[in-house]
Each structure stands twice: as C-alpha cells, then as structure tokens.
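Let's take a walk through this one, starting at a charged stretch of surface and then heading inside. After that we'll follow the charged pairs.

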Amino acid sequence: MNQNEFITLIAPFKDKVFRLAKRLLVSNEEAQDATQDILVKLWDKKNGLGNYASVEAFAMTMTKNYCLDQLKSKRASNMKIVHNNFMAKEASLDKKVEDEDSWHWVEKLINELPEQQKLIIQMRDIEQYEFEEIAKILDMNETAVRVNLSRARKTIREKMTKTHQYGIS
C-alpha cells in the first residue's frame with residue numbers, strides 16, 4: 001500500500017478518530033497527538049489493514065484503547081469527558097440561552113454516567129455509529145450496547161425532567 005492509497009483509506013474517518021480522542025482526552029492538543037499516534041500505528045500496519053472487515057472500526061478501537069491508557073497512566077483523576085461541538089441553529093436570544101442551558105445540563109448528566117455509557121452515547125448519538133460497529137469497537141454484545149444506550153438515555157431524560165420541573169407543582 002502506498003501513501004496515496006493509505007490517505008484515501010483513512011480520510012473518511014480521520015475526523016471521527018479526532019472527535020473520539022477529544023471526547024475522551026478533552027484537550028485539543030492531546031486529541032491531536034492521539035490522532036497522530038493512531039495514524040502512525042495504522043501506517044505501520046498498512047500492509048495488514050486489508051485483513052480487517054472495517055478499518056474504521058479497528059481505528060476507533062485503537063483510539064479508544066489509546067485514550068483510556070492515557071487517562072489511566074497520566075491523570076485519571078483530573079480528566080473528565082466533555083463535548084463542546086453543540087451548535088444551535090439561528091434562533092431568538094431567549095431560545096439560544098435556553099438551548100445552551102439545556103445542553104450544559106445534558107453535558108453534565110452525560111459526565112455523571114458510567115464510563116461505558118458515556119462512550120456508547122458518544123458513538124451512537126454524536127458520531128452516529130451503528131450498533132454493530134459500536135459492539136465491535138467496545139467488544140460487547142450488540143444487545144448489551146442497546147441496553148446501555150437505553151439506560152443512559154433514560155437516566156438523562158429522567159434527570160432533565162426532574163431538573164426542569166423543579167418548583168412546579
């Protein structure tokens with residue numbers, strides 16, 4: 001495999017690798033470093049990439065494992081998962097403020113979820129992965145992925161409802 005073939009192969013999912021790394025590592029710089037390291041590892045394995053059914057799923061698994069190793073080894077207690085890619089469509093100022101407040105609540109609630117549920121929410125609801133791909137990447141049963149996603153969404157929904165109905169009888 002030459003350089004152009006490799007670039008053509010990884011170009012469609014390179015940004016997804018970065019977004020997952022950013023989700024897990026928070027820092028842009030660390031996410032860029034992680035992405036670069038994953039791409040270098042993929043380049044080193046370039047001749048064996050044809051053996052994988054999905055190079056993208058393989059890359060995402062590598063990214064997840066790399067980032068989790070970084071979090072465990074360096075500063076697991078100081079890191080938190082954050083998502084800053086929310087963009088509201090043009091709306092009135094009060095709607096923008098309300099949407100931003102709701103997003104901060106959802107973000108806070110996602111951060112309170114167990115690690116596995118955070119990853120599943122990220123991959124399914126933000127990255128738009130299929131259940132089968134998530135199951136492969138996280139090395140889980142597809143049914144377990146669905147159950148964890150359902151539980152995570154239910155937890156967020158219940159806490160949001162409780163938050164927004166506070167003080168209303």
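E100 counts as partly exposed because its relative accessibility is 49%; here buried means under 20% relative accessible area, exposed over 50%, and partly exposed in between (1.4 Å probe, protein chains only). Bear in mind that this is a predicted model, where local features need pLDDT of at least 70, side-chain atom pairs count only at pLDDT 80 or more, and totals for chains, interfaces and linings use all residues. Residues are numbered from 1 along each chain as its sequence is written, and side-chain values use heavy atoms, with hydrogens and water left out.

You'll find E100 in helix α5, residues 93-112 (helices are DSSP runs of H or I, at least four residues, numbered from the N terminus). Together with D94, E98 and D101, E100 makes up a patch of negative charge on the surface. Patch members have over 30% relative accessible area and no salt bridge, and like charges are joined within 9 Å.

Now for the inside. Of the 19 residues of α4, 14 are buried, so this helix is largely enclosed by the rest of the structure. Its length works out too: at 1.5 Å a residue, α4 (residues 55-73) should span 27 Å, and its end C-alpha atoms are indeed 27 Å apart; the expected span is 1.5 Å times one less than the number of residues. A59 sits in this helix and is buried, at a relative accessible area of 0%. Its C-alpha lies 8.5 Å from that of F13, although the two are 46 residues apart along the chain.

On to the pairs. Side chains of opposite charge can pair when their charged atoms come close. The structure holds ten salt bridges, each a side-chain nitrogen of Lys or Arg within 4 Å of a carboxyl oxygen of Asp or Glu. One of them joins E127 and R19, at 3.1 Å from N to O. That pair links distant parts of the chain, 108 residues apart: E127 is in the loop between α6 (115-126) and α7 (131-138), R19 in helix α2 (residues 14-25). E127 is buried at 4% relative accessibility, whereas R19 is partly exposed at 31%.

R153 and D125 also meet in a salt bridge, 2.4 Å from N to O. This one ties helix α8 (residues 142-164), home of R153, to D125 in helix α6, 28 residues apart.

For a local pair, look at R146 and E142, whose closest N and O atoms are 3.4 Å apart. They are four residues apart in helix α8, so about one helical turn separates them. Finally, K108, E112 and K159 are linked in a network of salt bridges.

Definitions and conventions:
Patch = residues over 30% accessible without salt bridge, like charges linked within 9 Å, V, L, I, M, F, W, Y side chains within 5 Å. Areas by Shrake-Rupley, 256 points an atom, 1.4 Å probe, with all protein chains shown as cover. Lys, Arg positive; Asp, Glu negative; His and termini not counted. Charge placed at Lys NZ, Arg CZ, Asp CG, Glu CD. Helix = DSSP H or I, 4+ residues; strand = E, 2+ residues; numbered from the N terminus.
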